[in-house]
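Student: I have a chain to go through. Can we take the labels one by one and test each against its cut-off?

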Amino acid sequence: MINKLENLLGFNQKALGLRAARQELLSGNIANADTPGFKARDFDFAKAMQNVQSPQRVQHSSLATTAPGHIGMADFRSITSVPKQYRVPQQPSIDGNTVDMDTERMQFMDNAMRYDAGLTFISGQFRTLLSAIKEGN
């Protein structure tokens with residue numbers, strides 16, 4: 001049963017995690033708009049999603065296991081392992097800060113709307129599951 005829920009909701013869970021991480025990154029850019037020398041950062045959401053979805057086999061050599069699926073092997077890619085990129089400024093500033101507030105606000109709002117849409121979609125999936133459970137009783 002848990003595997004079926006993971007199959008149903010796993011993609012959206014990962015997408016929301018990436019959206020939340022991106023929101024933190026963008027809000028950090030906005031917060032540091034007046035910091036001399038601060039370099040605005042972001043990441044490519046599509047590439048990050050591919051990175052998070054593809055399993056990475058990690059071997060912990062210090063653990064003895066009796067089967068390949070035991071604790072020694074893990075299918076995991078962290079959201080924090082997403083490669084961050086520096087934003088190229090449209091108009092460089094004298095103090096070396098690369099934050100363009102118009103770009104950051106636009107990216108922040110776009111990401112917030114997509115996050116909200118993801119939550120709405122997951123909420124709909126849960127309502128559908130709850131309806132199916134109630135109909136079965």
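**Salt bridges**

Tutor: Start here: the side chains of Asp 42 and Arg 22 meet in a salt bridge, at 2.8 Å from N to O. Keep in mind that this is a predicted model.

Student: What makes Asp 42 and Arg 22 a salt bridge?

Tutor: The cut-off is 4 Å between a side-chain nitrogen of Lys or Arg and a carboxyl oxygen of Asp or Glu. The N to O distance for Asp 42 and Arg 22 is 2.8 Å. The pair therefore qualifies, since that value lies within 4 Å.

Student: Which parts does the pair of Asp 42 and Arg 22 tie together?

Tutor: Asp 42 lies in strand E1 (residues 41–42), and Arg 22 lies in helix H1 (residues 2–31). The pair therefore links parts that are 20 residues apart in sequence.

Student: Why is Asp 42 called buried?

Tutor: Buried means under 20% relative accessible area. Asp 42 has 8%, so the label holds. Arg 22 has 6%, so Arg 22 is buried too.

Student: What makes Glu 104 and Arg 87 a salt bridge?

Tutor: Their side chains meet at 2.7 Å, N to O. That is within 4 Å, so the pair counts. Glu 104 lies in helix H3 and Arg 87 in the loop between E4 and H3, so the bridge ties together parts 17 residues apart in sequence. Both Glu 104 and Arg 87 are buried.

Student: How do you know that Asp 110 and Arg 114 form a salt bridge?

Tutor: Use the cut-off again. The N to O distance is 3.1 Å. This is within 4 Å, so Asp 110 and Arg 114 pass. Both lie in helix H3, four residues apart, about one turn of the helix.

Student: Why is Asp 110 called partly exposed?

Tutor: Partly exposed runs between the buried limit of 20% and the exposed limit of 50%. Asp 110 has a relative accessible area of 27%, so it falls in that range. Arg 114, at 46%, is therefore partly exposed as well. As for networks, salt bridges that share partners join Arg 22, Asp 42, Arg 87 and Glu 104 into one.

Student: How many salt bridges does a search of the whole structure find?

Tutor: Five. Side chains of opposite charge can pair when their charged atoms come close.

**Core and ring**

Student: What makes up the largest nonpolar core?

Tutor: Nine residues: Ala 15, Leu 18, Leu 25, Phe 43, Phe 45, Ala 48, Met 49, Val 52 and Val 82. H1 and helix H2 (45–53) each supply at least two of them. The largest share, four residues, comes from H2. To belong, a nonpolar residue must be buried and joined to the set through side-chain atoms within 4.5 Å.

Student: How do you know that Arg 19 lies over the face of Phe 45?

Tutor: Distance is one part of the test: CZ of Arg must be within 6 Å of the ring centre. Arg 19 is at 3.6 Å from the ring centre of Phe 45, so the distance part is met. The angle to the ring normal must also be within 35 degrees. Arg 19 is listed as lying over the face.

Student: How many aromatic pairs does the structure hold?

Tutor: Zero.

**Two glutamines and a proline**

Student: Why does Gln 23 count as buried?

Tutor: Its relative accessibility is 18%, under the 20% limit, so Gln 23 is buried. Gln 23 lies in helix H1. Leaving out residues up to four places away in sequence, Gln 23 touches Phe 108, Asn 111 and Ala 112. The C-alpha atoms of Gln 23 and Asp 110 are separated by 9.9 Å, though the two are 87 residues apart along the chain.

Student: Is Gln 125 buried or exposed?

Tutor: Gln 125 is at 13%, under 20%, so the label is buried. Gln 125 is found in helix H3. Its contacts, apart from neighbours within four places in sequence, are Leu 8, Leu 9 and Asn 12.

Student: Why does Pro 89 count as partly exposed?

Tutor: Pro 89 has 29% relative accessibility, between 20% and 50%, so partly exposed is the right label. Pro 89 is found in the loop between strand E4 (85–86) and helix H3 (101–136).

Methods. Residues numbered from 1 in each chain as written. Predicted model: local features only at pLDDT ≥ 70, side-chain atom pairs only at ≥ 80, totals over all residues. Heavy atoms only, no water. Helix = DSSP H or I, 4+ residues; strand = E, 2+ residues; numbered from the N terminus. Buried < 20%, exposed > 50% of the residue type's maximum accessible area, 1.4 Å probe, protein only. Contact = heavy atoms within 4.5 Å. Phe/Tyr/Trp six-rings, centres within 6.5 Å; stacked < 30°, edge-to-face > 60°.
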